[in-house]
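Student: I should like to examine this structure through a series of questions. May we begin with the confidence of the model and then proceed to its helices and sheets?

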Amino acid sequence: MKKVKGIFKFPAACWNWFKRLGLFKKIIIVAVLAAAVWYAWTLLFPAKQPPRFQTVRIKKGDIADVVEASGPLAPITTTQVGALVSGEILKIYVDYNTPVKKGDLLALIDPTQIQADYDQAEASLSSAKESLESAKMAYNLATLNRDRYRDLFAKDYVSKSSLEEYELAYVNAKSSLNSAESAVIQSQARLDSAKKDLDNTRIVAPYDGVVLTKIVSEGQSLTSGYATPEMFTLAQDLTKMQIEAKVSEADVVKIKEGQKAEFTLDGYPDQKFEGTVRQVRTNYSASSSSSSGSSSTTTYTVVIEVDNTEGKFMPGMTATITIKAQDKKDALLVANEALRFSPSSNDQKYETTGLWVLDDPEAEPRRVGVRVGIVGTTQTEITEGDVKEGDRVIVRESGSAALTMANTGRPRPGGRRR
(Lines give C-alpha, C1' and ligand atoms only; values in the text may rest on other atoms or scores of the structure.)
Protein backbone atom coordinates (compact mmCIF):
# COMPACT_ATOMS: atom_id res chain seq x y z
CA MET A 1 0.00 0.00 0.00
CA LYS A 2 2.85 2.40 0.80
CA LYS A 3 4.44 1.61 -2.55
CA VAL A 4 1.24 2.54 -4.40
CA LYS A 5 0.95 5.77 -2.53
CA GLY A 6 4.53 6.56 -3.45
CA ILE A 7 3.75 6.13 -7.13
CA PHE A 8 0.94 8.69 -6.97
CA LYS A 9 3.15 11.10 -5.05
CA PHE A 10 5.70 11.32 -7.90
CA PRO A 11 3.43 12.94 -10.59
CA ALA A 12 2.05 15.27 -8.00
CA ALA A 13 5.55 16.35 -7.01
CA CYS A 14 6.41 16.87 -10.72
CA TRP A 15 3.31 18.96 -11.20
CA ASN A 16 4.11 21.09 -8.15
CA TRP A 17 7.64 21.54 -9.43
CA PHE A 18 6.33 22.53 -12.92
CA LYS A 19 3.99 25.10 -11.41
CA ARG A 20 6.88 26.80 -9.57
CA LEU A 21 8.83 27.28 -12.85
CA GLY A 22 8.84 30.55 -14.81
CA LEU A 23 6.74 31.05 -17.97
CA PHE A 24 9.68 30.78 -20.38
CA LYS A 25 10.85 27.46 -18.86
CA LYS A 26 7.31 26.10 -19.00
CA ILE A 27 7.11 26.89 -22.75
CA ILE A 28 10.43 25.16 -23.41
CA ILE A 29 9.43 22.04 -21.48
CA VAL A 30 6.04 21.82 -23.26
CA ALA A 31 7.72 22.23 -26.69
CA VAL A 32 10.29 19.50 -25.90
CA LEU A 33 7.58 17.13 -24.73
CA ALA A 34 5.47 17.81 -27.86
CA ALA A 35 8.45 17.19 -30.15
CA ALA A 36 9.21 13.94 -28.33
CA VAL A 37 5.59 12.79 -28.71
CA TRP A 38 5.55 13.66 -32.46
CA TYR A 39 8.86 11.84 -33.03
CA ALA A 40 7.61 8.76 -31.23
CA TRP A 41 4.36 8.83 -33.25
CA THR A 42 6.21 8.96 -36.57
CA LEU A 43 8.36 6.00 -35.51
CA LEU A 44 5.38 3.94 -34.42
CA PHE A 45 3.00 4.98 -37.23
CA PRO A 46 5.01 5.93 -40.36
CA ALA A 47 3.04 7.77 -43.16
CA LYS A 48 2.21 5.77 -46.23
CA GLN A 49 3.89 6.97 -49.44
CA PRO A 50 1.44 7.89 -52.22
CA PRO A 51 1.69 5.81 -55.39
CA ARG A 52 4.10 7.18 -57.94
CA PHE A 53 1.61 6.98 -60.82
CA GLN A 54 -2.11 7.43 -61.15
CA THR A 55 -3.69 4.99 -63.58
CA VAL A 56 -6.98 4.20 -65.30
CA ARG A 57 -8.10 1.00 -66.93
CA ILE A 58 -8.70 0.48 -70.61
CA LYS A 59 -12.31 -0.52 -71.11
CA LYS A 60 -14.83 -1.24 -73.82
CA GLY A 61 -17.80 0.97 -74.57
CA ASP A 62 -19.62 3.11 -77.11
CA ILE A 63 -18.04 6.23 -78.61
CA ALA A 64 -19.12 8.85 -81.11
CA ASP A 65 -17.23 11.43 -83.13
CA VAL A 66 -19.29 14.51 -82.34
CA VAL A 67 -19.04 17.84 -84.16
CA GLU A 68 -20.23 20.78 -82.09
CA ALA A 69 -21.27 24.16 -83.47
CA SER A 70 -23.79 26.92 -83.02
CA GLY A 71 -25.83 29.19 -85.23
CA PRO A 72 -29.05 31.20 -85.51
CA LEU A 73 -32.45 29.87 -86.48
CA ALA A 74 -33.82 31.52 -89.60
CA PRO A 75 -36.64 31.04 -92.13
CA ILE A 76 -35.61 29.10 -95.22
CA THR A 77 -36.84 31.88 -97.54
CA THR A 78 -36.97 35.58 -96.66
CA THR A 79 -37.55 38.56 -98.95
CA GLN A 80 -36.99 42.27 -98.45
CA VAL A 81 -39.93 44.19 -99.90
CA GLY A 82 -39.08 47.74 -100.95
CA ALA A 83 -40.46 50.75 -102.79
CA LEU A 84 -39.65 51.27 -106.47
CA VAL A 85 -41.16 54.78 -106.57
CA SER A 86 -40.75 57.88 -104.46
CA GLY A 87 -43.48 59.45 -102.40
CA GLU A 88 -45.18 59.69 -99.03
CA ILE A 89 -46.55 56.54 -97.37
CA LEU A 90 -50.31 57.10 -97.07
CA LYS A 91 -51.29 53.86 -95.37
CA ILE A 92 -49.72 50.72 -93.90
CA TYR A 93 -51.98 47.67 -93.74
CA VAL A 94 -49.75 45.15 -91.91
CA ASP A 95 -47.68 44.89 -88.74
CA TYR A 96 -45.14 42.51 -87.25
CA ASN A 97 -46.23 38.83 -87.44
CA THR A 98 -49.11 39.61 -89.82
CA PRO A 99 -49.86 36.60 -92.07
CA VAL A 100 -50.33 37.61 -95.72
CA LYS A 101 -51.36 36.00 -99.00
CA LYS A 102 -49.73 36.61 -102.35
CA GLY A 103 -50.98 39.94 -103.74
CA ASP A 104 -52.21 41.30 -100.39
CA LEU A 105 -51.77 45.06 -100.01
CA LEU A 106 -49.00 45.85 -97.52
CA ALA A 107 -48.78 49.64 -97.92
CA LEU A 108 -49.88 52.47 -100.19
CA ILE A 109 -47.65 55.31 -101.45
CA ASP A 110 -49.27 58.63 -102.40
CA PRO A 111 -50.07 58.24 -106.15
CA THR A 112 -51.02 61.89 -106.87
CA GLN A 113 -47.94 62.92 -108.86
CA ILE A 114 -47.55 59.51 -110.50
CA GLN A 115 -51.23 59.56 -111.50
CA ALA A 116 -50.69 62.97 -113.11
CA ASP A 117 -47.68 61.60 -115.03
CA TYR A 118 -49.81 58.66 -116.14
CA ASP A 119 -52.64 60.94 -117.35
CA GLN A 120 -50.16 63.08 -119.26
CA ALA A 121 -48.61 60.02 -120.88
CA GLU A 122 -52.06 58.75 -121.81
CA ALA A 123 -52.91 62.10 -123.44
CA SER A 124 -49.61 62.13 -125.32
CA LEU A 125 -50.31 58.65 -126.64
CA SER A 126 -53.77 59.72 -127.85
CA SER A 127 -52.30 62.73 -129.64
CA ALA A 128 -49.55 60.60 -131.19
CA LYS A 129 -52.10 58.13 -132.48
CA GLU A 130 -54.10 60.95 -134.11
CA SER A 131 -50.94 62.26 -135.74
CA LEU A 132 -50.21 58.76 -136.96
CA GLU A 133 -53.63 58.50 -138.61
CA SER A 134 -53.07 61.84 -140.34
CA ALA A 135 -49.61 60.74 -141.50
CA LYS A 136 -51.07 57.50 -142.86
CA MET A 137 -53.66 59.44 -144.91
CA ALA A 138 -50.96 61.77 -146.28
CA TYR A 139 -48.75 58.79 -147.12
CA ASN A 140 -51.57 57.00 -148.93
CA LEU A 141 -52.36 60.12 -150.97
CA ALA A 142 -48.68 60.66 -151.84
CA THR A 143 -48.38 57.00 -152.89
CA LEU A 144 -51.46 57.32 -155.11
CA ASN A 145 -50.17 60.52 -156.77
CA ARG A 146 -46.72 59.06 -157.36
CA ASP A 147 -48.10 55.92 -158.98
CA ARG A 148 -50.51 57.95 -161.15
CA TYR A 149 -47.76 60.29 -162.42
CA ARG A 150 -45.48 57.33 -163.13
CA ASP A 151 -48.15 55.98 -165.47
CA LEU A 152 -48.64 59.40 -167.12
CA PHE A 153 -44.88 59.87 -167.51
CA ALA A 154 -44.62 56.45 -169.16
CA LYS A 155 -47.20 57.63 -171.76
CA ASP A 156 -45.40 61.01 -172.22
CA TYR A 157 -48.39 62.91 -170.83
CA VAL A 158 -46.34 64.75 -168.11
CA SER A 159 -42.82 66.00 -167.81
CA LYS A 160 -40.13 64.36 -165.76
CA SER A 161 -39.98 67.35 -163.39
CA SER A 162 -43.66 66.87 -162.54
CA LEU A 163 -43.00 63.20 -161.74
CA GLU A 164 -40.02 64.09 -159.56
CA GLU A 165 -42.16 66.56 -157.63
CA TYR A 166 -44.66 63.84 -156.67
CA GLU A 167 -41.90 61.31 -155.89
CA LEU A 168 -40.37 63.82 -153.47
CA ALA A 169 -43.79 64.35 -151.88
CA TYR A 170 -44.03 60.54 -151.46
CA VAL A 171 -40.63 60.36 -149.74
CA ASN A 172 -41.59 63.19 -147.35
CA ALA A 173 -44.92 61.53 -146.53
CA LYS A 174 -43.21 58.20 -145.80
CA SER A 175 -40.70 59.93 -143.51
CA SER A 176 -43.54 61.68 -141.68
CA LEU A 177 -45.33 58.33 -141.30
CA ASN A 178 -42.22 56.72 -139.82
CA SER A 179 -41.84 59.63 -137.38
CA ALA A 180 -45.49 59.35 -136.38
CA GLU A 181 -45.16 55.62 -135.79
CA SER A 182 -42.04 56.20 -133.65
CA ALA A 183 -43.89 58.85 -131.66
CA VAL A 184 -46.68 56.39 -130.94
CA ILE A 185 -44.19 53.75 -129.79
CA GLN A 186 -42.43 56.25 -127.51
CA SER A 187 -45.73 57.51 -126.11
CA GLN A 188 -46.84 53.94 -125.46
CA ALA A 189 -43.55 53.21 -123.65
CA ARG A 190 -43.99 56.32 -121.48
CA LEU A 191 -47.54 55.25 -120.69
CA ASP A 192 -46.44 51.70 -119.80
CA SER A 193 -43.72 53.12 -117.53
CA ALA A 194 -46.20 55.46 -115.87
CA LYS A 195 -48.65 52.56 -115.46
CA LYS A 196 -45.93 50.47 -113.81
CA ASP A 197 -45.02 53.35 -111.50
CA LEU A 198 -48.68 53.75 -110.63
CA ASP A 199 -48.97 50.04 -109.84
CA ASN A 200 -45.82 50.26 -107.72
CA THR A 201 -47.50 52.73 -105.40
CA ARG A 202 -49.34 49.67 -104.12
CA ILE A 203 -46.84 47.56 -102.15
CA VAL A 204 -48.09 43.96 -102.29
CA ALA A 205 -46.90 40.62 -100.87
CA PRO A 206 -44.85 38.61 -103.40
CA TYR A 207 -45.97 35.28 -101.88
CA ASP A 208 -47.86 33.72 -98.98
CA GLY A 209 -45.97 34.29 -95.74
CA VAL A 210 -45.67 36.33 -92.58
CA VAL A 211 -44.27 39.82 -91.93
CA LEU A 212 -41.05 39.62 -89.91
CA THR A 213 -40.05 43.29 -89.85
CA LYS A 214 -41.70 46.65 -90.59
CA ILE A 215 -39.15 49.40 -91.18
CA VAL A 216 -41.41 52.29 -92.23
CA SER A 217 -44.31 54.25 -90.80
CA GLU A 218 -47.25 56.20 -92.19
CA GLY A 219 -46.36 59.72 -93.33
CA GLN A 220 -42.76 58.80 -94.03
CA SER A 221 -41.33 59.98 -97.35
CA LEU A 222 -39.41 57.53 -99.51
CA THR A 223 -36.87 58.47 -102.14
CA SER A 224 -36.19 55.78 -104.70
CA GLY A 225 -32.72 56.28 -106.12
CA TYR A 226 -29.85 53.92 -106.76
CA ALA A 227 -30.95 51.72 -103.83
CA THR A 228 -34.50 50.52 -103.25
CA PRO A 229 -35.79 51.69 -99.85
CA GLU A 230 -36.55 48.61 -97.74
CA MET A 231 -40.01 48.58 -96.15
CA PHE A 232 -40.78 45.03 -94.95
CA THR A 233 -39.13 41.65 -94.51
CA LEU A 234 -41.32 38.65 -95.32
CA ALA A 235 -40.75 35.00 -94.45
CA GLN A 236 -42.33 32.54 -96.82
CA ASP A 237 -43.00 29.70 -94.35
CA LEU A 238 -42.15 29.58 -90.64
CA THR A 239 -43.21 25.95 -90.29
CA LYS A 240 -39.89 25.03 -91.90
CA MET A 241 -36.76 26.77 -90.68
CA GLN A 242 -33.02 26.28 -90.85
CA ILE A 243 -29.90 26.72 -88.76
CA GLU A 244 -26.80 28.18 -90.39
CA ALA A 245 -23.96 26.82 -88.24
CA LYS A 246 -20.31 27.81 -88.54
CA VAL A 247 -18.08 24.70 -88.53
CA SER A 248 -14.28 24.65 -88.47
CA GLU A 249 -12.29 23.28 -91.39
CA ALA A 250 -11.10 20.35 -89.22
CA ASP A 251 -14.68 19.19 -88.60
CA VAL A 252 -16.54 20.15 -91.78
CA VAL A 253 -15.00 17.23 -93.71
CA LYS A 254 -16.84 14.83 -91.36
CA ILE A 255 -20.28 16.25 -92.14
CA LYS A 256 -22.40 14.94 -95.00
CA GLU A 257 -25.84 15.87 -96.31
CA GLY A 258 -28.59 13.83 -94.71
CA GLN A 259 -26.89 13.38 -91.32
CA LYS A 260 -29.04 13.87 -88.25
CA ALA A 261 -28.28 16.74 -85.89
CA GLU A 262 -29.40 17.44 -82.34
CA PHE A 263 -29.69 20.97 -81.00
CA THR A 264 -30.75 22.82 -77.88
CA LEU A 265 -32.11 26.31 -77.34
CA ASP A 266 -31.75 28.59 -74.32
CA GLY A 267 -35.50 29.05 -74.30
CA TYR A 268 -36.05 25.29 -73.88
CA PRO A 269 -33.13 24.20 -71.65
CA ASP A 270 -34.58 20.77 -70.82
CA GLN A 271 -35.46 19.77 -74.39
CA LYS A 272 -33.49 18.43 -77.32
CA PHE A 273 -34.62 18.89 -80.90
CA GLU A 274 -33.62 17.18 -84.14
CA GLY A 275 -32.79 18.42 -87.60
CA THR A 276 -31.21 17.19 -90.82
CA VAL A 277 -28.11 18.46 -92.58
CA ARG A 278 -29.41 19.87 -95.87
CA GLN A 279 -26.31 21.57 -97.26
CA VAL A 280 -22.59 21.94 -96.63
CA ARG A 281 -21.61 25.17 -98.36
CA THR A 282 -18.22 25.35 -100.04
CA ASN A 283 -18.07 29.08 -99.47
CA TYR A 284 -15.88 29.86 -96.45
CA SER A 285 -15.04 32.73 -94.14
CA ALA A 286 -11.66 33.40 -92.56
CA SER A 287 -11.09 35.48 -89.43
CA SER A 288 -7.81 36.51 -87.83
CA SER A 289 -7.27 35.14 -84.32
CA SER A 290 -4.57 37.60 -83.30
CA SER A 291 -3.96 41.32 -83.55
CA SER A 292 -1.02 40.76 -85.88
CA GLY A 293 -3.07 38.57 -88.18
CA SER A 294 -0.38 35.87 -88.15
CA SER A 295 -2.97 33.10 -87.67
CA SER A 296 -6.53 32.75 -88.90
CA THR A 297 -9.52 30.47 -88.48
CA THR A 298 -11.46 29.17 -91.48
CA THR A 299 -15.08 28.16 -91.03
CA TYR A 300 -17.76 26.80 -93.34
CA THR A 301 -21.53 27.12 -93.17
CA VAL A 302 -23.53 23.96 -92.55
CA VAL A 303 -27.29 24.36 -93.13
CA ILE A 304 -29.54 22.20 -90.95
CA GLU A 305 -33.23 21.94 -91.82
CA VAL A 306 -35.64 22.06 -88.87
CA ASP A 307 -39.35 21.26 -88.59
CA ASN A 308 -41.27 24.05 -86.84
CA THR A 309 -44.79 22.74 -87.27
CA GLU A 310 -45.49 23.31 -83.57
CA GLY A 311 -44.34 26.94 -83.84
CA LYS A 312 -41.88 26.75 -80.94
CA PHE A 313 -38.96 28.32 -82.79
CA MET A 314 -38.56 32.01 -83.54
CA PRO A 315 -36.16 33.57 -86.05
CA GLY A 316 -32.90 34.65 -84.42
CA MET A 317 -32.82 32.03 -81.64
CA THR A 318 -29.30 30.66 -81.16
CA ALA A 319 -29.05 26.88 -81.42
CA THR A 320 -26.24 24.77 -79.93
CA ILE A 321 -25.77 21.84 -82.30
CA THR A 322 -24.19 18.40 -82.06
CA ILE A 323 -23.76 16.19 -85.12
CA LYS A 324 -22.67 12.57 -84.80
CA ALA A 325 -20.24 12.20 -87.67
CA GLN A 326 -19.67 8.52 -86.80
CA ASP A 327 -20.12 6.21 -83.85
CA LYS A 328 -19.02 2.72 -82.81
CA LYS A 329 -20.29 0.14 -80.37
CA ASP A 330 -18.12 -1.97 -78.04
CA ALA A 331 -14.91 -0.13 -78.94
CA LEU A 332 -11.66 -0.30 -76.94
CA LEU A 333 -11.50 3.04 -75.12
CA VAL A 334 -8.82 4.92 -73.19
CA ALA A 335 -8.90 8.27 -71.37
CA ASN A 336 -7.55 11.16 -73.44
CA GLU A 337 -5.19 12.06 -70.59
CA ALA A 338 -3.32 8.77 -71.06
CA LEU A 339 -2.48 9.66 -74.67
CA ARG A 340 -0.93 12.95 -73.52
CA PHE A 341 1.14 11.51 -70.64
CA SER A 342 4.91 11.03 -70.55
CA PRO A 343 6.97 10.07 -67.44
CA SER A 344 9.34 12.67 -66.04
CA SER A 345 12.22 10.25 -66.53
CA ASN A 346 11.55 9.93 -70.26
CA ASP A 347 13.50 12.21 -72.61
CA GLN A 348 12.89 10.33 -75.84
CA LYS A 349 10.69 11.53 -78.70
CA TYR A 350 8.43 9.15 -80.63
CA GLU A 351 6.96 9.35 -84.09
CA THR A 352 3.80 7.46 -83.19
CA THR A 353 1.08 7.77 -80.60
CA GLY A 354 1.63 5.69 -77.47
CA LEU A 355 0.40 4.70 -74.00
CA TRP A 356 2.42 4.10 -70.85
CA VAL A 357 1.24 0.82 -69.32
CA LEU A 358 1.81 -0.06 -65.66
CA ASP A 359 1.67 -3.85 -65.22
CA ASP A 360 2.44 -3.71 -61.48
CA PRO A 361 2.51 -0.83 -58.95
CA GLU A 362 6.14 -1.63 -58.14
CA ALA A 363 7.23 -2.10 -61.78
CA GLU A 364 8.52 0.51 -64.19
CA PRO A 365 6.05 1.69 -66.84
CA ARG A 366 6.45 0.47 -70.39
CA ARG A 367 5.45 2.31 -73.56
CA VAL A 368 3.13 0.71 -76.11
CA GLY A 369 2.60 2.22 -79.54
CA VAL A 370 -1.04 2.44 -80.59
CA ARG A 371 -3.23 3.75 -83.38
CA VAL A 372 -6.32 5.75 -82.51
CA GLY A 373 -9.71 5.93 -84.21
CA ILE A 374 -12.64 8.03 -83.07
CA VAL A 375 -11.63 10.87 -80.75
CA GLY A 376 -14.28 11.78 -78.21
CA THR A 377 -14.53 14.53 -75.63
CA THR A 378 -12.98 12.48 -72.80
CA GLN A 379 -12.11 9.15 -74.41
CA THR A 380 -10.43 7.90 -77.57
CA GLU A 381 -10.85 4.65 -79.49
CA ILE A 382 -7.79 2.38 -79.76
CA THR A 383 -7.80 0.51 -83.07
CA GLU A 384 -4.31 -1.05 -83.01
CA GLY A 385 -1.67 -1.78 -80.35
CA ASP A 386 -0.57 -4.36 -77.78
CA VAL A 387 -3.16 -3.36 -75.19
CA LYS A 388 -6.40 -4.98 -74.10
CA GLU A 389 -9.41 -4.37 -71.93
CA GLY A 390 -8.46 -4.09 -68.25
CA ASP A 391 -4.86 -2.90 -68.77
CA ARG A 392 -3.80 -0.06 -66.51
CA VAL A 393 -2.40 2.99 -68.29
CA ILE A 394 -0.85 6.02 -66.63
CA VAL A 395 -2.64 9.37 -66.78
CA ARG A 396 -0.42 11.39 -64.43
CA GLU A 397 2.62 11.17 -62.15
CA SER A 398 2.66 12.16 -58.48
CA GLY A 399 4.73 15.22 -57.62
CA SER A 400 5.69 18.31 -59.54
CA ALA A 401 8.09 16.43 -61.85
CA ALA A 402 5.24 14.97 -63.89
CA LEU A 403 5.35 15.80 -67.58
CA THR A 404 2.28 16.01 -69.80
CA MET A 405 1.88 17.52 -73.21
CA ALA A 406 1.31 21.25 -73.09
CA ASN A 407 -1.58 21.00 -75.52
CA THR A 408 -4.61 19.92 -73.54
CA GLY A 409 -6.86 19.54 -76.60
CA ARG A 410 -8.07 16.27 -77.98
CA PRO A 411 -5.39 13.82 -79.13
CA ARG A 412 -5.09 13.32 -82.83
CA PRO A 413 -3.74 10.42 -84.84
CA GLY A 414 -0.10 10.58 -85.94
CA GLY A 415 2.42 13.26 -85.11
CA ARG A 416 5.28 13.27 -82.63
CA ARG A 417 4.34 11.78 -79.28
CA ARG A 418 6.03 11.29 -75.94
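**Confidence, helices and sheets**

Student: Which element of the protein has the lowest mean pLDDT, and which the highest?

Tutor: The model is a predicted one, and its elements can be ranked by mean pLDDT. The highest value, 96, belongs to strand 6 (residues 105-109). At the other end, with a mean of 44, stands strand 21 (residues 403-404). The lowest is thus strand 21 and the highest strand 6.

Student: What is the mean pLDDT of the protein, and over which residues does pLDDT stay under 50?

Tutor: The protein has a mean pLDDT of 85, with 88% of its residues at 70 or more. Residues 412-418 lie below 50, and the model gives this stretch 28 contacts beyond near neighbours in sequence. Another stretch under 50 has 20 contacts beyond four places in sequence, and this is residues 400-410.

Student: How are helix 3 and helix 4 oriented to each other?

Tutor: Two packed helices are described by the angle between their axes and the distance between the axes. For helix 3 (residues 112-154) and helix 4 (residues 160-199), the axes come within 7 Å and cross at roughly 160°. An angle over 145 degrees counts as roughly antiparallel. Helix 3 and helix 4 are therefore roughly antiparallel.

Student: What is the handedness of the crossing, and how many residues of the contact between helix 3 and helix 4 are nonpolar?

Tutor: Helix 3 passes helix 4 in a left-handed crossing. The residues of their contact include 13 charged and nine polar ones. The nonpolar residues number 24.

Student: In the open sheet with the order 3-10-8-5, which residue stands opposite Pro 99?

Tutor: This sheet has four strands with antiparallel pairing. Strand 3 (78-82) and strand 5 (99-100) are its edge strands, each pairing on one side only. Strand 5 runs antiparallel to strand 8 (residues 209-214), to which two bridges join it. Opposite Pro 99, in strand 8, stands Val 210.

Student: Which strands stand at the edges of the sheet with the order 7-6-4-9?

Tutor: Four strands form this open sheet, and their pairing is antiparallel. Each edge strand has a single partner strand, so one side of it is left without a neighbour in the sheet. The strands in question are strand 7 (202-204) and strand 9 (221-222).

Student: What is the bridge partner of Ile 92 in strand 6?

Tutor: Strand 4 (residues 87-92) and strand 6 run antiparallel and are joined by three bridges. The partner of Ile 92 in strand 6 is Ala 107.

Terms used. Residues are numbered from 1 along each chain as its sequence is written. This is a predicted model: local features need pLDDT of at least 70, side-chain atom pairs count only at pLDDT 80 or more; totals for chains, interfaces and linings use all residues. Side-chain values use heavy atoms; hydrogens and water are left out. pLDDT is the predictor's confidence in each residue, from 0 to 100. Contact means heavy atoms within 4.5 Å. Axes are lines fitted to C-alpha atoms, for helices over the stretch in contact, and angles run from 0 to 180 degrees between N-to-C directions. Angles under 35 degrees count as roughly parallel, over 145 as roughly antiparallel, 65 to 115 as roughly perpendicular and the rest as oblique. A crossing is left-handed if the near helix is turned anticlockwise from the far one by less than a right angle, and right-handed if clockwise. Ala, Val, Leu, Ile, Met, Phe, Trp, Tyr, Cys and Pro count as nonpolar, Asp, Glu, Lys and Arg as charged, and the others, Gly among them, as polar. Two strands pair if DSSP finds at least two bridges between them.
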